[in-house]
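Please open the structure in your viewer and keep the selection panel at hand. The tour below moves from one selection to the next and says what is found at each stop.

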There are 2 protein chains.
Amino acid sequence: LALMTDWHDWQDTRVDGERLWNRIVALGEIGAIAGPNGELGCARLALTDADREGRDLVTGWMRDLGLTVTIDAIGNVVATRPGTDPRAAAVMTGSHIDTVATGGRFDGNLGVLAGLEVIETLETLDIATRRPVSVAFFTDEEGARFAPDMLGSLVYVGGMALEEALDIAATDDDARLGDELVRIGYAGPFPCPAAAAPHAYVELHIEQGPILEDEGVTIGVVEGVQGISWTELAITGRSAHAGTTPMRLRRDPGFVAAAITTFVRGLTKQLAGAQVATVGRIDVRPNLVNVVPATATITVDLRNTDEATLVVAERALDAEVARLAEAESVSVTSRSLARFEPVEFDPVTVALVEATAQRLGYSTRRLPSGAGHDAQMLARVCPTAMIFTPSVDGLSHNIAEHTTPEDVTAGANVLLQTLLQLADVAD
Amino acid sequence: LALMTDWHDWQDTRVDGERLWNRIVALGEIGAIAGPNGELGCARLALTDADREGRDLVTGWMRDLGLTVTIDAIGNVVATRPGTDPRAAAVMTGSHIDTVATGGRFDGNLGVLAGLEVIETLETLDIATRRPVSVAFFTDEEGARFAPDMLGSLVYVGGMALEEALDIAATDDDARLGDELVRIGYAGPFPCPAAAAPHAYVELHIEQGPILEDEGVTIGVVEGVQGISWTELAITGRSAHAGTTPMRLRRDPGFVAAAITTFVRGLTKQLAGAQVATVGRIDVRPNLVNVVPATATITVDLRNTDEATLVVAERALDAEVARLAEAESVSVTSRSLARFEPVEFDPVTVALVEATAQRLGYSTRRLPSGAGHDAQMLARVCPTAMIFTPSVDGLSHNIAEHTTPEDVTAGANVLLQTLLQLADVAD
């Protein structure tokens, strides 16, 4: 704080909400798609031509601000504004600018452009910080074209070998990730994983859920990311005539699928409030009105912020599936589709976000993130926190995804003030 | 019985099981399809070229026996062996020879060819009956190409106007039923509905279910046909992120679909033993592992031999659907796909079948039919009963459909002895 010309000036500093909004709109025009009610969404799948165009636009803005732009070997882009202490590690913010096929204009983009806005605010007001401030966008956060998701940040922190990542094949086309990086001109010269960890990482993101809106809260203070357990259950019974087969002789995989679905709903009531469970996918064969199904395949998505409770939920599911399989004489094949342990963000940085938002006069609520974010990868190497802004109707990965200009500005101001405090703290 | 040369001869009369089996095999060669394990099935959809070929073969056999063959305006074929009393109404047996697209060789065909075998036995042994004996095959029993099913027998008994039936369009192609009848040469000159009802109707059919095999019983004595209630439930909730949406804010149509499925299973335990319930079809959108579904559509198939209980089941389903819709804040649109009241066969004719089978030394079991049959249409106009033979593994509408030669012969002998008694009774 000693470097600031005036404590009160620093506290009163605010972003230019309109400038930020205009950038969100401008970036959203690349890969724009329209919804049935005139909503404007975005389709910029990772490493496509649309992604390149978006990257070119954002890196152009970065260079316009005189920032040092580095592109690493997995295509992550980091723009840095120097601090006054040449030895100090940078405070980093960022997110991603790739989207899902029917995505919105805010998911990821908000965090990147708000970071840029923070830096432009510092430039405009000529505010110096002891630490450098960086804004990054990470490659392929959505995982919609190349799995897994959060790929760029995963490689950035050393969680996956670069060569392995470059060799990933696209899910729905013939492309190889490394080839596509070269093709769009974003196979950069900088090493990945990064040579040094940031001093801290704070990411602004839309909530992608309904909690903040439902409770009328402006700023979500994210304590961590839920652990995720995805299981596919393939149930095989015996196809039979719906009219001629007595109930006692049925081996009905559709019934078992339904019983599992209602069971996991009950599980969420038994376990801690943070436990969520979803059966999002069900495929029944032959799927005819008058035939007891031969097979049913479902997915069970279990999430919890607490690893121990998540394990309890998984074991309870396993036990119930075994019980149902025996009772109905069906066979069940269980396959794990994904398993991530919960991530806890740094309590001090989380508290800093909360205190900062409250000082700015915003209502706050602590909550976990139900979705994955680049921040959970950065949390492996540095103190990390996230700021959530409300999502209208809780919608995300949806053309109708929306966050109001007021909430966008609020989130960016919390990011600005949080980064300012982090950037000024001596090592 | 006075007309028989010898009471004991008559009682000892048996069909030629091998001749019957050979006809089943020969008819099965028309439209034959092979299963993965070498099973031989049949695809003779109503009024196709394959159906014509099958009809030609069977009517040829009828004419070879010197029977009077009539073809009516909806394509029903009736072959009659005269009785000694010119004023007596005929005793009729029969079934159908059309199949579903992946059908077997026994469903329908058995009843027609066993009826033919009964008549050939009478011819061969020169047994005279007071009443004529007729064997019929009715058009489009399966309803697989032209809905509804049991169409030919429905029109035969006056349950649907002829012109309406002739105007039915095919489900999966551009054909009109009346045009197809003409095309294959089976738009006959005889009036339909029939001018006079048979004296009685007894149909031999495969069970199409597992009960007889499960209990080791040879002859099923069919007391009636279950009532059927088919309902489609279209449930609309709110698509949401599986990670970020708390359970209390979910409006999950997939959960409601599952809860209905488990509810109807419970309903079958609460209600009488004859109540069956099946959720055979479920379609969920968008059907993704990490998305709470936006919509779910299911079908509920309820069947009972008792109309009052079936109504109770329907009302209980309605009430539970309404309760779930309110609890989960989803909307549900309910649509009836089919509704048939139960049919009770004539108790005297049913008892005659039972006594006859037991006199022949076969184990018997009374049971309802879970599937629809031409007999339920004939039951509207004359005393009617059915004889079931076991289905291996309970399979039907399946290439692997099978009934053993021994059971085929047993069923045909029960049919023979039952028809003989009915044909001899004076008006």
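Begin by selecting Glu320(A), which counts as buried because its relative accessibility is 13%, under the 20% that marks the limit for a buried residue. This is a predicted model, and what you see at each stop should be read with that in mind. Now add Arg323(A), which at 47% relative accessibility counts as partly exposed. The side chains of Arg323(A) and Glu320(A) meet in a salt bridge, with 3.0 Å from N to O. Why are these two separated by about one helical turn? Arg323(A) and Glu320(A) are three residues apart in helix H10 of chain A, which covers residues 307–328, and so about one helical turn lies between them.

Next, select Asp49(A), Arg52(A), Arg145(A), Asp173(A), Glu180(A) and Arg183(A) together, since these residues are joined into one network by salt bridges that share partners. Over all chains, the structure holds 54 salt bridges, and one of them is the pair of Glu120(A) and Arg23(A), whose side chains meet at 2.6 Å, N to O. This pair links distant parts of the chain, for Glu120(A) belongs to helix H4 (residues 109–125) of chain A and Arg23(A) to helix H2 (residues 17–28) of chain A, 97 residues apart. If you check their surroundings, you will find that both Glu120(A) and Arg23(A) are buried.

Stay in chain A and select Met92(A), which you will find in strand E5, residues 91–95. Is Met92(A) buried or exposed? With a relative accessible area of 3%, Met92(A) is buried. To see what surrounds Met92(A), leave aside its neighbours within four places in sequence and show its contacts, among them Val78(A), Ser134(A), Phe138(A), Tyr156(A), Pro198(A), Leu378(A) and Leu419(A). You may also pick Gly152(A), which is 60 residues from Met92(A) along the chain, with 15 Å between the C-alpha atoms of the two.

Now show chain A and chain B together and turn to the place where they touch. Here 52 residues of chain A are in contact with 52 residues of chain B, and the area buried between the two chains is about 4300 Å², of which carbon and sulfur atoms give 59%. Select Met247(A), Arg265(A) and Val289(A), the residues of chain A that lose the most area to chain B, together 17% of what that side buries.

Arg265(A) deserves a second look, as its side chain meets that of Glu328(B) in a salt bridge of 2.7 Å, N to O. The pair crosses between chains, running from helix H9 of chain A to helix H10 (residues 307–328) of chain B, and both Arg265(A) and Glu328(B) are buried. Six salt bridges are counted between chain A and chain B, and another stop is the one in which the side chains of Arg248(A) and Asp214(B) meet at 3.0 Å, N to O.

Finally, widen the selection to the whole of this interface, where 18 residue pairs are in polar contact, both residues being at pLDDT 80 or more. The elements of chain A that give two or more residues to the side touching chain B include helix H8 (211–215), helix H9 (253–270) and strand E14 (295–304). H9(A) gives the most, with eight residues. Coloured by class, the residues of that side of chain A divide into 22 nonpolar, 18 polar and 12 charged.

Terms used:
Residues numbered from 1 in each chain as written. Chains lettered and ligands numbered in written order. Predicted model: local features only at pLDDT ≥ 70, side-chain atom pairs only at ≥ 80, totals over all residues. Heavy atoms only, no water. Contact = heavy atoms within 4.5 Å. Buried area = accessible area lost by both parts, 1.4 Å probe. Salt bridge = Lys/Arg side-chain N within 4 Å of Asp/Glu carboxyl O. Polar contact = N/O pair within 3.5 Å; in protein donor to acceptor, adjacent residues only side chain to side chain. Helix = DSSP H or I, 4+ residues; strand = E, 2+ residues; numbered from the N terminus. Nonpolar A, V, L, I, M, F, W, Y, C, P; charged D, E, K, R; others polar. Buried < 20%, exposed > 50% of the residue type's maximum accessible area, 1.4 Å probe, protein only.
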